[in-house]
Amino acid sequence: MSDATSLPLAASDVTGGRRLLRRALAQKSFLFGFGLLVLFVLLALLAPVLAPHDPYLQNLTARNVPPVWYDKGSWLHPLGTDPLGRDYLSRLLYGARISLIIGISVVAIAGLIGTTMGLLAGYFGGRVDMAVTFMVTTRLAMPVILVALAVVAIIGSSLWIVILVLGLLKWDRFAVVMRSATQQVRSLDYITAAQASGASTARIILREVLPNIAPHLIVVATLEAASAILLEAALSFLGLGVQPPLPSWGLMVSEAKAYMFFSFWLIALPGTALALLIFAINLAGDGLRDVISPEKRN
């Protein structure tokens, strides 16, 4: 009996996967954003191979060398050097690592907190829902950037402190979306069947509810990753985020403020890289939402 019923289920899964693939291939914006995001990930992973120089190595005799498209540019430093003579291409490549680490780590921390709260509130309702709603409302009353600035200014700043602070402040959207999605599925037939079969609450939540609301979780994660990267860049620009000599793109823009009228590329290059990464993540997230949206299903 189990073998007979498993075949239709497997066929249904394959058919559903093919439909998702067809919708994804039809979404040109999603493909472009996803491809650009994959490019950034590859550049970050291959930074030790692609970087022509040590991103931390200073050479004061080669300060502010312009990129190769300027008259005084040199292929020794294709994108020029910064005021301390460090190779800008190398720092941009390693800066992609910093941004992606921050985005992934913040989403992991915030997603764990928010998803847990949203699942509990949506499944149990009642007092649990009221408590979670109160915490979400309290969190929304506190501006993220101001709280992050205050906390980092008090306890000090480093890469992992920034990640921890942002992770503990960015869980609200996960909680709201997961709560709503859980409320929608908890009364469906397969949840009722699992309850009637005697499955434990933990098993129902982890094996029945969570897999069916995972698409919503993925979409929120992509959007929150972009927000976290942008917030880190803002904190680093203000001097309260990632500290020197780490090649954070926000810190690179901050260090180039005094040279913006004389060496414009020092701001333009990391600013463009940051804008493209945020654009890629948002485009991929929006496209993913359209791909998995129930209204798009045939």
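Begin by selecting Tyr88, Leu92, Ile229, Trp249, Leu269, Leu274 and Leu277, the residues with the most contacts inside the largest nonpolar core, which has 25 residues. A nonpolar core is here a set of buried Ala, Val, Leu, Ile, Met, Phe, Trp, Tyr and Cys residues joined through side-chain atoms within 4.5 Å; buried means under 20% relative accessible area, exposed over 50%, and partly exposed in between (1.4 Å probe, protein chains only). The elements that give two or more residues to this core are α2, α4 (88-124), α10 (201-237), α11 (249-255) and α12 (265-292), and the largest share, 10 residues, comes from α12. Helices (H or I, at least four residues) and strands (E, at least two) are DSSP runs, numbered from the N terminus.

The model is predicted, with local features needing pLDDT of at least 70 and side-chain atom pairs counting only at pLDDT 80 or more, while totals for chains, interfaces and linings use all residues. Residues are numbered from 1 along each chain as its sequence is written, and side-chain values use heavy atoms, with hydrogens and water left out.

Now centre the view on Trp249 and display its surroundings. Leaving aside neighbours within four places in sequence, Trp249 is in contact (heavy atoms within 4.5 Å) with Phe40, Arg91, Leu92, Gly95, Ala96, Ser99, Pro270, Ala273, Leu274 and Leu277. Apart from the core that holds Trp249 lies another core, of 16 residues, and Val144, Ala148, Ala228 and Val242 are among them.

Next, turn to the charged side chains. A salt bridge is a side-chain nitrogen of Lys or Arg within 4 Å of a carboxyl oxygen of Asp or Glu, and by this rule the count comes to seven salt bridges. Select Asp82, Arg86, Arg91 and Glu255 together, since these four are linked in a network of salt bridges. Within that network, Arg86 forms a salt bridge with Asp82, the closest N and O atoms being 2.7 Å apart, and Asp82 also forms a salt bridge with Arg91, where the closest N and O atoms are 3.9 Å apart. Both Arg86 and Asp82 are buried, and Arg91 is buried as well.

Stay with Glu255, which is found in helix α11. At 28% relative accessibility, Glu255 counts as partly exposed. Leaving aside neighbours within four places in sequence, Glu255 is in contact with Arg86, Arg91 and Pro244. To gain a sense of scale, draw a distance from Glu255 to Met178: the two are 77 residues apart in sequence and 40 Å apart in space, C-alpha to C-alpha.

For another salt bridge, select Glu224 and Arg173, whose side chains meet at 3.3 Å, N to O. This pair links distant parts of the chain, with Glu224 in helix α10 and Arg173 in helix α8 (residues 172-185), 51 residues apart. Glu224 is buried, with a relative accessible area of 4%, whereas Arg173 counts as partly exposed at 40% relative accessibility.

Then show the surface and select Phe34, Val38, Val41, Leu42, Leu45, Leu46, Val49 and Leu50, which make a nonpolar surface patch of about 700 Å². Patches are made of residues with over 30% relative accessible area and no salt bridge, like charges being joined within 9 Å and nonpolar side chains (Val, Leu, Ile, Met, Phe, Trp, Tyr) within 5 Å; accessible areas come from the Shrake-Rupley method with a 1.4 Å probe, and for residues only the protein chains shown count as cover. Helices α2 (28-45) and α3 (47-50) each supply at least two residues of the patch, and the largest share, five residues, comes from α2. Val38 lies in helix α2 and is partly exposed, with a relative accessible area of 35%. Val38 and Thr138 are 100 residues apart in sequence and 36 Å apart in space, C-alpha to C-alpha.

Finally, colour the chain by its UniProt record. The unreviewed entry lists residues 30-51, 98-124, 144-169, 213-238 and 258-281 for "transmembrane region"; positions are given in the numbering used here, feature names are shortened, and annotations may be inferred rather than shown by experiment. Over residues 213-238 the chain is 96% helix and 0% strand, with the end C-alpha atoms 38 Å apart, and over residues 258-281 it is 71% helix and 0% strand, with the end C-alpha atoms 30 Å apart. The unreviewed entry also lists residues 96-285 for "domain: ABC transmembrane type-1", and over that range the chain is 80% helix and 0% strand, the end C-alpha atoms being 19 Å apart.
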